[in-house]
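Let's take a walk through this structure together, one chain at a time. Have the sequence and the 3D view ready, and follow along at your own pace.

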Amino acid sequence: MSFAWAKQYEPKTPLMKWLDEKLPLPRLVYNAVGAGYPVPRNLNYMWNFGVLAGFCLLLQIVTGVVLAMHYAANAQVAFGTVEHIMRNVNYGWLLRYAHANGASFFFIVVYLHIFRGFFYSSYKAPREMIWLLGVVIFLLMMATAFMGYVLPWGQMSFWGAQVITGLFSAIPLVGEPLQVWLLGGYAPDNAALNRFFSLHFLLPFVIAGVVILHIWALHIPGSSNPTGVEVKQESDTVPFHPYYTAKDGFGLGVFLILFSVMVFFLPNALGHPDNYIEANPLSTPAHIVPEWYFWPFYAILRAFTGDLTIPFTGITLIPAKLLGVIAMFGAILLWFFLPWLDKSPVRSGHYRPLFRKFFWFGLIPAMIALFICGGAPAEEPYVIISQVATAYYFLHFLVILPIVSQIEVPKPLPFSITEAVLGKDKAPAESRAGSTDAGTPGALPEGSLQPAE
Amino acid sequence: MATDTAVTRDLESQEGVRRRDWIHIAALSTAGVGAASVLIPLISQMAPSADVLAASTTEVDVSAIQPGQAIKAVFRKQPLFVRRLTAKEIEEANAVDVSSLRDPQTLAERTKPGHEDLLVTMGVCTHLGCVPLGAAEGENKGEFGGYFCPCHGSHYDTAARIRKGPAPKNLMVPDYTFTSDTVIRVG
């Protein structure tokens, strides 16, 4: 599953030889993230975020498990135990702030990881499965983060739980019984808090399992790279260790500096002050907002203010509330179809002039607009802005991407990664004239993905 | 030995049906029924427990509510609005063309006979479940003089019917009965 020139693991001491015969775990690590994994030599810093996301998951599991030693998931005391963590538990403030800001940083890192995928079309064959598993991880992360935010049992926790489970009540016929079933009551209460804690503890380990599948699927074709040209020969790659362990280590250092700034100097900047008021089922905060990382999707939810009706008859086909819910979930489920919506054989945005314009001047501004509108109150001009941005968001993926991939004339691709990096490639000329497969069976996708020079 | 082979051959000749197929079907069906019956407790444990269901009736004394005034009570751990309408509010509610409403209902359909001035609704916005404003003194009652949900801007009229904004339904009227002239039992 790796390239033919990948270095082979050789146990050096008798102990390691003995271990390799019984349980070849060091061999697995060596082949996965060691010198035995050849990686394209031209990866830029956008390729750091996978490792950083893995680090964030580890950080959240470690801080979360220790916080669970001091927290009690009971509506009577939950709010109090969070304050107990903040005031009484040794370094409790640090652990809680690291966990709360860790969630935000996890989403920052994952959003950059996803947008790297959008720009460099990392979702295209032969890497569709990596992308699909990634979308699954993202959905699991959203569920985990939502349930974690309910646990402090503050006002935003309570009303967030009310609003998000209220989304399910929009489903025709089964919606309201489904919401009661999810909450274990008619409003968020002890039953809901307890099950959210249980699932919030469980899901990170499910995520870790899917992450293993995600990395496994990645190691079959190997990493993509900024040119989008597949690896052809040994000179296109360097071993993961020490080259990318060093590069990822540098990225981790930068990440930790920024993370420490937030944890130690701005720990509540990304939170909402209303969550320091204990949950009150009889009083709704004037302005309910989810955590910042849900804002774009919350804006899509709120963008639908009118029912879908048959014109002039007044018959409602789909009420506004259900439309909003469908659109919000659809906005993410759409990503599952991305590998088949974008048919262009060229991967990298660098060689796709038209795609690049729509990416930077269409998708990115639309996402920023949705982000701002999702955090703003539901009033003009935010409503109309979020409606326009929502329309563009869906058009971009469902209409623009398929059309662009048909009509676009891509720029000429370099022959190989080596040529892209060094400006020349000593590879034999005959391999250029003939098949685009430069003799690395199993490592290349079908030749159609490499346009003729 | 020879008879066994003959029997096997004979059975297999019947369109490939083998005696072992029956064992497969029986075993898998039994396992399937077993798995399904294990799912029932696993799923139904999530539904409201007995103590939650037991707290599902509430009695409210409505004698002290003055016209134009509303009180908040608690029903199933959710806010309940009980409002004594003024003559003007009743007039406004009855003046509306019912067929023009998103969720067409008359005031009479939303109250009990003989108590048309007493409007009992859940204080839960039908959009996403926020508590609308307008029950307490001095709160924003929205453009139609009833309730206003600040979360996503739903306006309810004096009969707590949805008039403007994203909510799909009128504020829900729970099941209730007058146990005496002054006391209602909700649930």
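Before we start, one bit of vocabulary: two strands count as paired if DSSP finds at least two bridges between them. Also keep in mind that what you're looking at is a predicted model.

Now put that idea to work in chain B. Find strand S8 (176-178) and strand S9 (residues 183-186). Three bridges join S8(B) to S9(B), and the two run antiparallel. Want to see one pair of partners? Which residue in S9(B) is the bridge partner of B:Thr177? Click on B:Arg185 in S9(B), and you've found the partner of B:Thr177.

These two strands belong to a bigger picture. Chain B has an open sheet of three strands, in the order S1-S9-S8, with antiparallel pairing. At the edges sit S1 (58-61) and S8 (176-178) of chain B, each pairing on one side only. From one strand to the next, the twist averages 20 degrees. As a general point, strands of a sheet pair through backbone hydrogen bonds, either parallel or antiparallel.

Next, slide along chain B to strand S5 (residues 145-149). Is S5(B) mostly covered or mostly open? Mostly covered: four of its five residues are buried. Its partner is strand S6 (residues 154-157) of chain B; four bridges join the two, and they run antiparallel. At B:Gly145, look across to S6(B) and you'll see B:Asp157 standing opposite. S5(B) and S6(B) form a hairpin with four residues between them. In that turn, B:Gly153 has a positive phi of about 75 degrees.

Zoom out a little. The domain assignment splits chain B into domain 1 (2-44) and domain 2 (52-186). How many Å separate the centres of these two domains of chain B? Taken over C-alpha atoms, the separation is 59 Å.

Finally, over to chain A. Chain A has 17 helices and four strands. Its C-alpha trace spans about 75 × 70 × 40 Å along the principal axes. Is that what a compact globule would look like? With 453 residues, such a globule would have a radius of gyration near 22 Å, and chain A has 25 Å, so the two agree. Buried residues account for 41% of the 453 residues in chain A. And what about contacts between residues at least 6 apart in the sequence of chain A? Of those, 75% join residues at least 24 apart.

Key. Residues are numbered from 1 along each chain as its sequence is written. Chains are lettered from A and ligands numbered from 1 in the order in which they are written. This is a predicted model: local features need pLDDT of at least 70, side-chain atom pairs count only at pLDDT 80 or more; totals for chains, interfaces and linings use all residues. A residue is buried if 20 or more other C-beta atoms lie within 10 Å of its own, exposed if 12 or fewer, and partly exposed in between; C-beta atoms are placed from the backbone. Axes are lines fitted to C-alpha atoms, for helices over the stretch in contact, and angles run from 0 to 180 degrees between N-to-C directions. Domain bounds come from an automatic or database domain assignment. The radius of gyration is taken over C-alpha atoms; the globule rule is 2.2 Å times the number of residues to the power 0.38. Two residues are in contact if their C-beta atoms, placed from the backbone, lie within 7 Å.
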